[in-house]
Amino acid sequence: LGTVYTEKREFNKALKYYFMSLNMNEELGNRMGKARVLGIIGNTYLEVAKSNSITDKYNNYQNFPRNKTVALQRAKNYTDSAINILKEIGDLTALSDNYKQLSEIRASLGDSEGALESYKNYTLFKDSVFNMEKDRKLTETAMRYDFDKKEAAIKSEQEKKDILQRNIRNSLI
């Protein structure tokens, strides 16, 4: 529901459901879910800061920020929390995405050094994910090649046995 309301640009309602999801993940002890929702909440606050929703008179949700700086600071806090959990879990893809988000948040806050540092972390983890994916594909290709090679050898041996049996049968006939 939070995603639907985010798409509709109704950030106050989206945040309400994201916080409900965060509470559920905490109760269940689902650290990955919690990290994911924290990152989404951070992104939602970033979207709030970029939009004109802050001044919308209908935003009466208690967690809704009243100015752009507050929205950006909340975005930073939630994204930082997601990054800390993701570091412990080791989800490099989500970590990369959150560092990219943090870079944008810091740039919006005027922290160019922090933005650059976050962007460097983003590229580092993105490269790590890319290299891991490349290594996985190379390993998969090598394993497939070995399997095909062994399967061809087994098939060749079976053909030899079939020919030998055919020759023995023909000799007996």
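The following paragraphs describe the fold, one helix, the nonpolar core and two buried polar residues of a predicted model.

Residues are numbered from 1 along each chain as its sequence is written. In this predicted model, local features require pLDDT of at least 70 and side-chain atom pairs count only at pLDDT 80 or more, whereas totals for chains, interfaces and linings use all residues, and side-chain values rest on heavy atoms, with hydrogens and water left out.

The chain contains six helices and zero strands, where helices (H or I, at least four residues) and strands (E, at least two) are DSSP runs numbered from the N terminus. Read from the N terminus, the order of elements is α-α-α-α-α-α. Of the 173 residues, 32% count as buried, a term that denotes under 20% relative accessible area, with exposed meaning over 50% and partly exposed lying in between (1.4 Å probe, protein chains only). The exposed surface of the chain amounts to about 11,600 Å², of which carbon and sulfur atoms supply 52%; accessible areas come from the Shrake-Rupley method with a 1.4 Å probe, and for residues only the protein chains shown count as cover. Among contacts (heavy atoms within 4.5 Å) between residues at least 6 apart in sequence, 53% join residues at least 24 apart.

Helix α2 comprises 18 residues (residues 11–28), and at 1.5 Å a residue it should span 26 Å, which agrees with the 25 Å between its end C-alpha atoms; the expected span is 1.5 Å times one less than the number of residues. The buried residues of α2 are Phe11, Asn12, Ala14, Leu15, Tyr18, Phe19, Leu22 and Asn25. These residues cover an arc of only 145° around the axis, and they therefore lie on the same side of α2, the arc being that of the directions from the helix axis to the C-beta atoms. An α-helix has 3.6 residues a turn, so residues three or four places apart point the same way. The cover over the buried residues of α2 includes α1 (2–7), α3 (31–50) and α4 (68–89), while the face turned away from the buried side carries the exposed residues Glu27 and Leu28. Glycine 29, with a positive phi near 75°, follows α2.

Within α2, phenylalanine 19 is buried, with a relative accessible area of 11%. Its C-alpha atom is 9.1 Å from that of glycine 2, although the two residues are 17 apart in sequence. Phe19 also belongs to the largest nonpolar core, in which, of 29 residues, Phe19, Leu22, Ile41, Tyr45, Leu95 and Tyr99 touch the most other members. Such a core is a set of buried Ala, Val, Leu, Ile, Met, Phe, Trp, Tyr and Cys residues joined through side-chain atoms within 4.5 Å. Two or more residues of this core come from each of α2, α3, α4, α5 (92–109) and α6 (112–172), and the largest share, eight residues, comes from α3. Isoleucine 41, leaving aside neighbours within four places in sequence, is in contact with Leu15, Tyr18, Phe19, Leu22 and Tyr78.

Two further buried residues were examined. Threonine 79, placed in helix α4, counts as buried at 0% relative accessibility; not counting residues up to four places away in sequence, threonine 79 touches Leu38, Gly42, Asn98, Gln101, Leu102 and Ile105. Glutamine 101, found in helix α5, is buried with a relative accessible area of 12%. With the same sequence neighbours (up to four places away) left out, glutamine 101 touches Gly39, Gly42, Asn43, Leu46 and Thr79, and its side chain reaches the backbone oxygen of glycine 39 at 3.1 Å.

Technical notes
A polar contact is a pair of N or O atoms within 3.5 Å; within protein, one must be able to donate a hydrogen and the other to accept it, and residues adjacent in sequence count only if both atoms are side-chain atoms.
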